[in-house]
Amino acid sequence: MENHSYSPYFNLTMFENLGNGRYPIFILCLLLYAFILSANLVIILLISQENSLHEPMYVLIMCLSFNSLYGSAGFFFRFLFDLLSDTHLIPRVACFSQIYVIYTYASYELTILGIMAYDRYVAVCQPLHYHNKITPRLISKLISLALIYPAFSVGACVYLASVLPLCGNQIPKVFCANWPVVKLSCVPTVMNNLIGMLVSITTVFLPLAFVLYTYMRILFVCRKHSSEFKSKVIQSCFPHIVSFVNYSITVFCDVALSRINLEELNPFVAVVLSLEFVVIPPILDPLVYGLKLPEIRKAMLRRLSCLNPLK
């Protein structure tokens with residue numbers, strides 16, 4: 001008989017290698033989380049309160065900020081608690097809940113970026129039809145689809161992992177992740193692998209492929225126009241390209257890290273590499289969109305000038 005075991009807890013083993021280094025990491029991550037909260041809340045409040053920003057592109061940017069708050073909350077609360085704790089045991093329910101939040105956050109980010117790519121494609125390649133095609137009704141439907149499908153597909157993956165009989169409870173990360181849990185299984189995981197592959201294709205690779213396709217079409221159109229037209233396109237698309245490239249890199253790094261033994265790396269390096277997936281996009285997105293898009297920048301300056309008592 002196989003040695004199946006049931007443990008009500010998982011042990012996040014990477015914390016054990018940090019030693020006293022966890023205290024400066026706690027302070028740094030607390031400051032990062034405070035910045036993520038404030039920066040994304042500023043973007044959400046600006047777009048929701050400024051009538052000039054009630055356009056599809058800005059609504060999608062606001063969705064990215066909401067998603068950043070959602071994903072960072074699912075990670076930082078538990079992570080900061082574990083940094084100060086002497087034990088790093090996380091209950092099964094809390095672990096699978098964290099897996100669900102982090103993986104839906106990742107899926108939402110890509111599906112929203114896919115909708116933004118379609119918005120930019122129509123704006124550049126079919127400008128005369130933009131307002132007929134990109135309607136509030138269509139954007140509402142696309143956002144609903146971008147949220148509902150990952151919610152159920154990721155839920156299926158998490159459920160399949162939660163019912164596996166496990167032969168251990170050691171997770172070599174600083175947060176719960178699906179693949180390290182599945183690797184603890186005492187039985188074959190063919191169904192988990194198939195469903196996981198299907199979800200990865202539909203929520204990761206298809207959005208990535210669609211974004212690449214739309215920008216190839218945009219580049220093709222730009223070749224036929226003037227330098228002024230190209231400059232306007234770059235100004236409009238640059239923040240989205242930065243978000244897309246940044247998030248793609250962090251996703252592929254996280255996938256690569258899940259296939260190696262992180263405990264063989266320097267503890268600090270391992271933690272930094274593990275964190276970039278859930279930390280860098282929520283920090284970078286509000287900076288890129290807030291500083292680069294002129295309409296958001298103008299709205300922000302107007303708000304700041306209203307706070308100036310000399311004016």
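How many nonpolar, polar and charged residues does the lining of the second largest cavity have? I began my notebook with that puzzle, and the answer comes below.

**Entry 1: what I am looking at**

I noted before anything else that this is a predicted model. My plan was to look up helix packing, then the disulfides, then the empty spaces.

**Entry 2: H3 beside H5**

I started with helix H3, residues 92-125, and helix H5, residues 136-162. They pack at an angle of about 150 degrees, and their axes are 9 Å apart. Angles over 145 degrees count as roughly antiparallel, so H3 is roughly antiparallel to H5. I looked up the handedness too, and the crossing of H3 and H5 is right-handed. Next I sorted the residues of this contact by class: 18 are nonpolar, five are polar and one is charged.

**Entry 3: H7 joins in**

Which way does H3 run relative to H7, roughly parallel or roughly antiparallel? I found that H3 and H7 pack at about 20 degrees with their axes 9 Å apart. An angle under 35 degrees counts as roughly parallel, so H3 is roughly parallel to H7. The crossing of H3 past H7 is left-handed.

I then tried H5 with H7. Their axes come within 10 Å and cross at roughly 160 degrees, which makes H5 roughly antiparallel to H7. H5 also passes H7 in a left-handed crossing.

**Entry 4: disulfides**

I searched the whole structure and found two disulfides. I followed up one of them, the pair Cys95 and Cys176, whose sulfur atoms are 2.1 Å apart. The torsion about their S-S bond is about -125 degrees, so I wrote this disulfide down as left-handed.

Where do Cys95 and Cys176 sit? Cys95 lies in helix H3, while Cys176 is in the loop between strand S3 (170-171) and helix H6 (178-182), so the pair ties together parts that are 81 residues apart in sequence.

**Entry 5: the largest cavity**

Now for the empty spaces. Rolling a probe the size of a water molecule over the atoms shows where empty space is left. I counted two cavities of 30 Å³ or more in the structure.

The largest cavity has a volume of about 50 Å³. I listed its lining as Met57, Met116, Asp119, Arg120, Ser236, Pro239, His240, Tyr289 and Leu293. H3 turns up again here: H3 and helix H8 (227-258) each supply at least two residues of this lining. By class, I have five nonpolar, two polar and two charged residues around the largest cavity.

**Entry 6: back to my opening question**

The second largest cavity has a volume of about 40 Å³. Its lining is made of Cys157, Leu160, Asn178, Asn192, Ile195 and Gly196. Helix H5 and helix H7 (190-222) each give at least two residues to this lining. The largest share, three residues, comes from H7.

So here is what I was after: three residues of this lining are nonpolar, three are polar and none is charged.

**Entry 7: a pocket to finish**

I also looked up the second largest pocket, and about 460 Å³ of space lies in it. Its lining has 17 residues, and those nearest the pocket's centre are Met57, Tyr58, Arg120, Ala123 and Ser236. I recognised some of these names: Met57, Arg120 and Ser236 are also among the residues that line the largest cavity.

Which helix supplies the largest share of the lining of this pocket? My note says H8, with five residues. Helix H2 (56-84), H3, helix H4 (130-133) and H8 each contribute at least two residues to the pocket lining. By class, the lining divides into 11 nonpolar, three polar and three charged residues.

**Entry 8: my recap**

Looking back over my pages, H3 keeps returning. H3 packs against H5, H3 packs against H7, and H3 carries Cys95 of the disulfide with Cys176. H3 also helps to line the largest cavity and the second largest pocket.

Conventions: Residues numbered from 1 in each chain as written. Predicted model: local features only at pLDDT ≥ 70, side-chain atom pairs only at ≥ 80, totals over all residues. Heavy atoms only, no water. Axes fitted to C-alpha atoms, helices over the stretch in contact; angles between N-to-C directions. Helix = DSSP H or I, 4+ residues; strand = E, 2+ residues; numbered from the N terminus. Parallel < 35°, antiparallel > 145°, perpendicular 65-115°, else oblique. Left-handed = near helix turned anticlockwise from the far one by under 90°. Nonpolar A, V, L, I, M, F, W, Y, C, P; charged D, E, K, R; others polar. 1 Å grid on protein atoms, 1.4 Å probe; cavity = no way out; pocket = protein on both sides within 12 Å on 5 of 7 lines; lining within 4 Å. Points joined across faces, edges and corners; volume = space filled by probe spheres on them. Disulfide = S-S within 2.5 Å.
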